[in-house]
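Please look through the sequence and the structure shown below before reading on. The report that follows takes up a few parts in turn.

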Amino acid sequence: MKRTKNRIHTVLFMLLIALAMTAVVGCRSTRKATLPGALTLKELKNLPAVKAETKNLSAKIKLQANLKGNEITANGTLKIKRDEGIIISVNALGGIIEVARIEITPDEALLVYRLGRKYARIRYREIETFDALGLNYNMLQSLLLNEIFTPDGTPAEKGIDKMDITAANGEVILSATNKRIKYTFHINPSEGNLVLTQGDYDDRLNVDCNYSGFTATGTGKHPARIHLSVEDISLNLQLSNMKETPLKLNRTTDISAYEKIEISNLLKLLKQ
């Protein structure tokens, strides 16, 4: 029972932005002066997906999630403040009423159902499979910001020197792997955009994150469409009115009037 609960929480973390979405070392070293697809190593390091210069991102979102055959559709807002937190607010009546929100920080995730006055909390350190699969907040942050990340936490601009670099189907492909986990990043060399991130976790969990509809936002371009899939759960995010201006995360400070329940039960309420 405990193992099943941990597995559910792991999948929900990976899809925490869908109302639920690395401490790995030993990457193989491959250095190439000239890369496939007419990209030099210097040019690759200067791509926005590698330099990770976005400090803040806000946007309106349309969210469509498929949770094992059950669909959830909602509108809301997304706010990301690098290394501090991610907040997704689900709204009704044209944004006047906040129905639910997800607050994701480096240590935990909080899901609040305003209308039902209930909440659920996930503390990553309490989930055994998080450490086993090398999952952490920085990974989710990178997925949402359309960035390359390294398994051992080294900044991507430096970590690329330790990645395998190949080419296939007109894309430059970067990969980092150890005995259990492999990350793969696909780059369109003509546009310099990161179009696909994949994670293979010891054949226990597979993650695909596709990006499209790149739109200028400030420091570069950000995808207006993100499609994330984890096993039989998928999420489509459509982003509009994207901005990189400074922002403040208004996190929930007092939740004493709300009832705490399991996150799986809270998701059932949200689907009603």
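## Strand 3 and its partners

In this predicted model, strand 3 and strand 4, the latter spanning residues 97–104, pair in the antiparallel sense over 7 bridges. Within this pairing, Ile-88 has Ile-102 of strand 4 as its bridge partner. Strand 3 also pairs with strand 2, which covers residues 70–81, and here too the sense is antiparallel, over 7 bridges. In that second pairing, Lys-79 stands opposite Ile-87 of strand 3.

How many of the residues of strand 3 are buried? Of the 8 residues in the strand, which runs over residues 85–92, 7 are buried, so strand 3 is largely enclosed by the rest of the structure. As a general point, the side chains in a regular strand alternate between the two faces of the sheet.

## The turn at Asp-83 and its contact with helix 5

Strand 2 and strand 3 form a hairpin with 3 residues between them, and Asp-83 is placed in this loop between the two strands. Asp-83 has a positive phi of about 65°, although it is not a glycine. The general background is that most residues other than glycine have a negative phi.

The turn is met by a residue from another element, since Gln-141 has its place in helix 5, residues 137–144. The side chain of Gln-141 reaches the backbone nitrogen of Asp-83 at 2.7 Å. Once neighbours within four places in sequence are left aside, Gln-141 is in contact with Lys-81, Arg-82, Asp-83 and Ile-86. Is Gln-141 buried or exposed? Its relative accessibility is 3%, and because the limit for buried is under 20%, Gln-141 counts as buried.

## A second positive phi

Arg-117 likewise has a positive phi, of about 55°, although it is not a glycine. Arg-117 lies in the loop between strand 5 (108–113) and strand 6 (118–123). With 43% relative accessibility, Arg-117 counts as partly exposed.

## The chain as a whole and its nonpolar cores

The protein chain contains 7 helices and 14 strands, and of its 272 residues 51% count as buried. The chain exposes about 13,200 Å², of which carbon and sulfur atoms supply 47%.

The largest nonpolar core has 61 residues, and those with the most contacts inside it are Ile-148 and Leu-174. The largest share of this core, 6 residues, comes from strand 1, residues 56–67. A second, separate core has 5 residues, including Val-112, Tyr-119, Ile-255 and Tyr-258. In general terms, nonpolar side chains tend to be buried together in soluble globular proteins.

Which residues does Ile-148 touch, not counting those up to four places away in sequence? They are Ala-49, Val-50, Ala-156, Met-163, Leu-174, Phe-185, Ile-187 and Leu-194.

## An aromatic cluster

A search of the whole structure finds 2 aromatic pairs. In the pair of Phe-149 and Tyr-183, the ring centres are 4.8 Å apart and the planes stand at 75°, so the pair is edge-to-face. Phe-149 lies in the loop between helix 5 and helix 6, while Tyr-183 belongs to strand 9 (residues 181–188), so this pair ties together parts that are 34 residues apart in sequence. Phe-149 is buried, with a relative accessible area of 7%, and Tyr-183 counts as buried at 1% relative accessibility.

The rings of Phe-149 and Phe-185 have their centres 5.2 Å apart and their planes at 90°, so this pair is edge-to-face. Because Phe-149 is in the loop between helix 5 and helix 6 and Phe-185 is in strand 9, the pair ties together parts that are 36 residues apart in sequence. Phe-185 is buried, as is Phe-149. Together, Phe-149, Tyr-183 and Phe-185 form one aromatic cluster.

## Lys-158 in helix 6

Lys-158 is found in helix 6, which covers residues 156–159. Is Lys-158 buried or exposed? At 60% relative accessibility, and with exposed set at over 50%, Lys-158 counts as exposed. Lys-158 and Lys-51 are 107 residues apart in sequence, and the distance between them in space is 9.5 Å, C-alpha to C-alpha.

Technical notes:
Residues numbered from 1 in each chain as written. Predicted model: local features only at pLDDT ≥ 70, side-chain atom pairs only at ≥ 80, totals over all residues. Heavy atoms only, no water. Buried < 20%, exposed > 50% of the residue type's maximum accessible area, 1.4 Å probe, protein only. Helix = DSSP H or I, 4+ residues; strand = E, 2+ residues; numbered from the N terminus. Pairing = 2+ DSSP bridges. Polar contact = N/O pair within 3.5 Å; in protein donor to acceptor, adjacent residues only side chain to side chain. Contact = heavy atoms within 4.5 Å. Areas by Shrake-Rupley, 256 points an atom, 1.4 Å probe, with all protein chains shown as cover. Core = buried A, V, L, I, M, F, W, Y, C linked by side-chain atoms within 4.5 Å. Phe/Tyr/Trp six-rings, centres within 6.5 Å; stacked < 30°, edge-to-face > 60°.
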